[in-house]
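Student: I have a protein model open and would like to learn how to read it. Could you walk me through some features, one at a time?

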Amino acid sequence: MERRDFIKKTSFAAGLTLLPTLPLLANTNDVKRITILHTNDQHSRIEPFEVSSNKATSDKGGFARRATMIHKIRQEEKNVLLLDAGDVFQGTPYFNMFGGELEYKLMTKLGYDAGTLGNHEYDNGLEGLQKALPHAGFDLISSNYDFSNTILDGAFKPYKIIKKDRIKIGIFAVGVELHGLVDPRMYKETKYLDPIEIAQHYANKLRHEEKCDLVVCLSHIGYNYERSNQVSDCILARKTKDIDVIIGGHTHTFLPEPEVHQNADHKPVLVNQVGWAGLYLGRIDFNFQKGKLKGFTSYKLDEMVINEYV
C-alpha cells in the first residue's frame, strides 16, 4: 500500500473506531493490559492542515481529533499511558507566537504522562525552553543530555516509573546529537552522552534494580540511517538489552506496525514511530499474565495485528 493511502487511513477523526480487543486479552485477575498511546514530531500542529488537494494531509492532524480519540480509548481501557517522543516545537506560527507555551498547555490538557526533548525544543535556546517548561504539567524525561552547567540543571528527570494495575512501567529517554544539527548558541554547555551507553545503564537500572515489568525508551535519535553509521532506534534495539519498546521520533517515519528486533540477548524489542504532525496516534497494548509480559496488540490502518513474542 502506498504511503499516501496509509496516512489517509490512519489519520484519526472523531468518528474513527478501532476494532475491539479479543476477549482473551481482556483485563482479568490473571491477564492485564497496558495501553500505550504515543506521538512524535508534533511540530506545533495545533490545528488540522488546511483543506487542500493533498489527500494525505487535507483537514487532518491537530489536537482536537487526537483529544477525541484519546478520550474514547480511555473510556474503553483501564490502564492507559500517553507518551511523546519529542519535537513538540516548531512548524507553525503558533510556535513563533507563543514559544512552545501553547503546545505544552494542550498536552497537559490531553493528560500526557511523559515526554522527551527533540532537537527543535532548542530553537529558542535554553532560555526559551526554560520559559516554556512551567506550562508542561507532565514530566519531561532526558537521560543523555547533561544540563549540569546550564540554566536547565535539574529541570528534567532521567527516568520515570508509573504503576498501573500493579504493573510497573519504567520510562527513560535519549536524544539526538546536537552538534552539527543545532546552533551551539542554542544549547550552550549542554553535553551529549552516548545514547547506547546511557540506554543500557537506565534499562538495567529499571529492569533489575527497580524491578519494572515493562521498560520503555522514548527516543529522538531517528528510526534508521541506511547510508550512515549514526546511532538510530534500530541500532539501539540491537546493541542493548532489557528494553521492551523503543518509541521513536526525529525521522518522521511512518511504520505500519511496530517492528520486532532482536536485542543483545537475542530477545525481542519493539521499535515504533508514527510519522509527524499528529496525523497518526500510535497505540500498542501490552498483555501481562500473572505479572509476566506475554505479548502485544498493535493497531494499524483499520485492523488489529496480534503478535505473541515471549
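Student: Let me start with one residue. Where is the place of Phe98?

Tutor: Happy to help! Keep in mind that this is a predicted model. Phe98 sits in helix 3. Its C-alpha atom is 8.7 Å from that of Ala132, although the two residues are 34 residues apart along the chain.

Student: Is Phe98 buried, exposed or partly exposed?

Tutor: For that we look at relative accessible area: under 20% is buried, over 50% is exposed, and partly exposed is in between. Phe98 has 42% relative accessibility, so it counts as partly exposed.

Student: Now the inside. Which residues touch the most other members of the largest nonpolar core?

Tutor: That core has 33 residues, and those touching the most other members are Tyr104, Leu117, Tyr122, Leu129, Phe147 and Phe156. Helix 2, strand 2, helix 4 and helix 5 each give two or more residues to this core. Helix 2 supplies the largest share, four residues.

Student: Let me pick one of them. What is Tyr122 in contact with?

Tutor: Leaving aside neighbours within four places in sequence, Tyr122 is in contact with Leu117, Tyr145, Phe147, Leu178, Val182, Met186, Tyr187 and Thr190.

Student: Thr190 is on that list. Where is the place of Thr190?

Tutor: Look in the loop between helix 6 and strand 8. Thr190 has 9% relative accessibility, so it is buried. A polar atom of its side chain lies 2.7 Å from the backbone oxygen of Tyr187. Not counting residues up to four places away in sequence, Thr190 also touches several others, including Leu126, Asp146 and Thr150.

Student: How do I read a helix that has a buried side?

Tutor: Here is the general idea: an α-helix has 3.6 residues a turn, so residues three or four places apart point the same way. Now take helix 4, where Glu103, Tyr104, Met107 and Leu110 are buried. They lie on the same side of helix 4 because they cover an arc of only 120 degrees around the axis.

Student: What do the buried residues of helix 4 pack against?

Tutor: They pack against helix 2, strand 2, helix 3, helix 5 and strand 4. Just after helix 4 comes Gly111, with a positive phi near 80 degrees.

Student: How many salt bridges does a search of the whole structure find?

Tutor: The search finds 15. One of them joins Glu76 and Lys72, with their closest N and O atoms 2.5 Å apart. These two are four residues apart in helix 2, so about one helical turn separates them. Glu76 is partly exposed at 47%, and Lys72 is partly exposed at 24%.

Student: Which residue forms a salt bridge with Glu209?

Tutor: Lys205 does, and the closest N and O atoms are 3.4 Å apart. Here too the pair is four residues apart, this time in helix 7, so they are separated by about one helical turn. Glu209 is exposed, at 54% relative accessibility.

Student: And the salt bridge of Asp285 and Arg283: are these residues buried or exposed?

Tutor: Asp285 is buried at 0%, and Arg283 is buried at 5%. Salt bridges that share partners join both of them with Arg33 and Glu77 into one network. The N to O distance between the side chains of Asp285 and Arg283 is 3.0 Å.

Student: Last one: how many disulfides are counted?

Tutor: The count is zero. As for cysteines, Cys212 is buried at 4%, and Cys217 is buried at 0%.

Methods:
Residues are numbered from 1 along each chain as its sequence is written. This is a predicted model: local features need pLDDT of at least 70, side-chain atom pairs count only at pLDDT 80 or more; totals for chains, interfaces and linings use all residues. Side-chain values use heavy atoms; hydrogens and water are left out. A nonpolar core is a set of buried Ala, Val, Leu, Ile, Met, Phe, Trp, Tyr and Cys residues joined through side-chain atoms within 4.5 Å. Buried means under 20% relative accessible area, exposed over 50%, partly exposed in between (1.4 Å probe, protein chains only). Contact means heavy atoms within 4.5 Å. A disulfide is a pair of cysteine sulfur atoms within 2.5 Å. The arc is that of the directions from the helix axis to the C-beta atoms. A polar contact is a pair of N or O atoms within 3.5 Å; within protein, one must be able to donate a hydrogen and the other to accept it, and residues adjacent in sequence count only if both atoms are side-chain atoms. A salt bridge is a side-chain nitrogen of Lys or Arg within 4 Å of a carboxyl oxygen of Asp or Glu.
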